[in-house]
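I opened my notebook today to go through this structure one topic at a time. Here it is, so that you can follow along.

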Amino acid sequence: MTGTVVKNTGSSYIVRTDDYRDVNCKIKGNFRLKGIRTTNPIAVGDRVTISGGIDETNYIVSIEPRRNYIIRKASNLSKQGHIIAANLDQVCLIVTLFHPSTSTTFIDRFLATAEAYRVEAVIVINKIDLIKDDLEAIEYLDAVTYLYKSIGYPVLKLSAKTGEGIADLRKTLEGKTTLFSGNSGVGKSTLINDLIPGLSLSTAEISETHDTGMHTTTFSEMFEIPDIEKKSYIIDTPGVKGFGTLEFDRHEVSHFFPEIFKTGSACRYGDCTHTCEPGCAVKAALENHLISESRYNSYLSILEDSDDDKYRKGY
């Protein structure tokens with residue numbers, strides 16, 4: 001029997017079978033010994049085969065090849081990864097520029113990972129209702145929007161609180177399986193509650209002391225969006241603080257920054273790392289303000305990821 005993993009609690013999984021039944025499943029211990037260097041060998045979105053019957057314990061016995069996935073370094077000091085979700089049409093990176101503030105380094109690291117694993121990315125800037133009367137904040141919002149749109153990323157600006165922009169988000173999700181990810185406190189759960197009335201995912205207030213969010217989602221789960229003509233799904237995931245990249249070759253990191261990769265084709269050396277080599281077109285573009293300094297610094301931060309503790313710091 002085959003189906004799709006729609007929920008992962010860490011110790012068990014719910015698989016929605018192809019005949020639309022939800023089956024509680026486990027994995028056998030030796031499943032973790034097949035060379036999969038991740039903390040979770042099964043992820044939401046995986047297509048799997050299960051064994052067992054109505055009166056038996058059901059086990060996931062195999063996974064179909066993934067067409068893509070999003071992975072980050074596990075939240076411990078190991079070199080293992082944690083697969084956030086698999087078999088995606090796109091990812092919506094939910095960010096906030098104020099209360100709390102999502103750093104551009106976090107955004108860039110996530111976007112680079114999406115590029116590396118061939119997942120289309122949409123940037124969703126939430127909580128724009130907080131800056132309606134703040135001209136300086138509006139200028140920053142416009143600058144961030146312009147930066148990522150100029151690179152080629154779609155950017156949506158909205159407010160889960162007022163409903164502004166939700167219709168545009170719903171249209172973006174139509175007919176697709178979309179991962180929602182971002183820092184804690186950016187409003188992912190509130191957005192999903194707006195899109196799926198009656199779901200009532202838990203939400204929490206922002207910490208006034210640290211201006212950071214608190215975890216309300218404790219496991220990953222896939223939800224179907226109702227009232228859309230084409231089948232559409234959201235995968236909700238726990239919020240993350242930092243985003244540690246994994247499995248990036250030093251000479252390939254620039255491939256995952258579209259504007260740096262494009263400019264780098266004019267470098268004197270084909271294996272230029274865009275750090276200290278002579279004749280570097282990227283460094284020249286940076287000096288002429290044709291490449292964003294924040295993007296370039298994010299690129300450098302990934303090059304420096306050989307420091308195992310770096311990813312645990314706030315970005």
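Which side chain meets Arg 21 in a salt bridge? I looked it up and found Asp 19, at 3.4 Å from N to O. For my own reference, a salt bridge is a side-chain nitrogen of Lys or Arg within 4 Å of a carboxyl oxygen of Asp or Glu.

**Ground rules.** I note that this is a predicted model, in which local features need pLDDT of at least 70 and side-chain atom pairs count only at pLDDT 80 or more, while totals for chains, interfaces and linings use all residues. Residues are numbered from 1 along each chain as its sequence is written, and side-chain values use heavy atoms, with hydrogens and water left out.

**Salt bridges.** I recalled the background: side chains of opposite charge can pair when their charged atoms come close. By the rule above, the count comes to twelve salt bridges. I then checked how covered Arg 21 is, and it counts as partly exposed because its relative accessibility is 39%. My cut-offs here are under 20% relative accessible area for buried, over 50% for exposed and partly exposed in between, with a 1.4 Å probe and protein chains only.

Next I looked at Asp 236, whose side chain meets that of Lys 188 in a salt bridge of 3.5 Å, N to O. This pair links distant parts of the chain, with Asp 236 in strand β13 (residues 233–236) and Lys 188 in helix α4 (residues 188–195), 48 residues apart. Helices (H or I, at least four residues) and strands (E, at least two) are DSSP runs numbered from the N terminus. Are these two partners buried or exposed? Asp 236 counts as buried because its relative accessibility is 2%, and Lys 188 is buried too, at 6%.

I also wrote down Glu 224 and Lys 231, whose side chains meet in a salt bridge at 3.1 Å, N to O. Glu 224 is at 26% relative accessibility, so I list it as partly exposed. Lys 231 has a relative accessible area of 51%, so it goes down as exposed. One more entry on this topic: salt bridges that share partners join Asp 18, Arg 47 and Glu 64 into one network.

**A charged patch.** Which residues form a negative surface patch? I found Asp 133, Asp 134, Glu 136 and Glu 139. Patches are made of residues with over 30% relative accessible area and no salt bridge, with like charges joined within 9 Å. I picked Glu 136 for a closer look: its place is in helix α2 (residues 135–151), and it is exposed because its relative accessible area is 67%.

**Cysteines.** How many disulfides does a search of the whole structure find? I got zero. As a reminder, a disulfide is a covalent bond between the sulfur atoms of two cysteines; the working rule is a pair of cysteine sulfur atoms within 2.5 Å. I followed up on Cys 280, where the closest cysteine sulfur is that of Cys 272, 3.8 Å away and therefore too far for a bond. Cys 280 is buried, with a relative accessible area of 9%. Cys 272 is buried as well, at 8%, and lies in the loop between α5 (258–264) and α6 (281–287). I also checked Cys 25, which counts as buried at 1% relative accessibility.

**Unusual backbone.** Most residues other than glycine have a negative phi, and most peptide bonds are trans. Where does the chain have a cis peptide bond? I found one from His 99 to Pro 100, with omega near -5°. Pro 100 lies in the loop between β8 (90–95) and α1 (104–116).

For phi, I noted Asn 87, which has a positive value of about 60° although it is not a glycine. Asn 87 sits in the loop between β7 (81–86) and β8, and its relative accessible area of 12% makes it buried. Lys 127 also went on my list, with a positive phi near 65°. Lys 127 lies in the loop between β9 (120–125) and α2, and it is buried, with a relative accessible area of 18%.

**Across the chain.** My last lookup was Ile 151, in helix α2, which is buried with a relative accessible area of 18%. Its C-alpha is separated by 9.8 Å from that of Ile 260, 109 residues apart along the chain.

Key
Patches are made of residues with over 30% relative accessible area and no salt bridge: like charges are joined within 9 Å, nonpolar side chains (Val, Leu, Ile, Met, Phe, Trp, Tyr) within 5 Å. Accessible areas come from the Shrake-Rupley method with a 1.4 Å probe; for residues, only the protein chains shown count as cover. Lys and Arg count as positive and Asp and Glu as negative; His and the chain ends are not counted. The place of a charge is taken as NZ of Lys, CZ of Arg, CG of Asp or CD of Glu.
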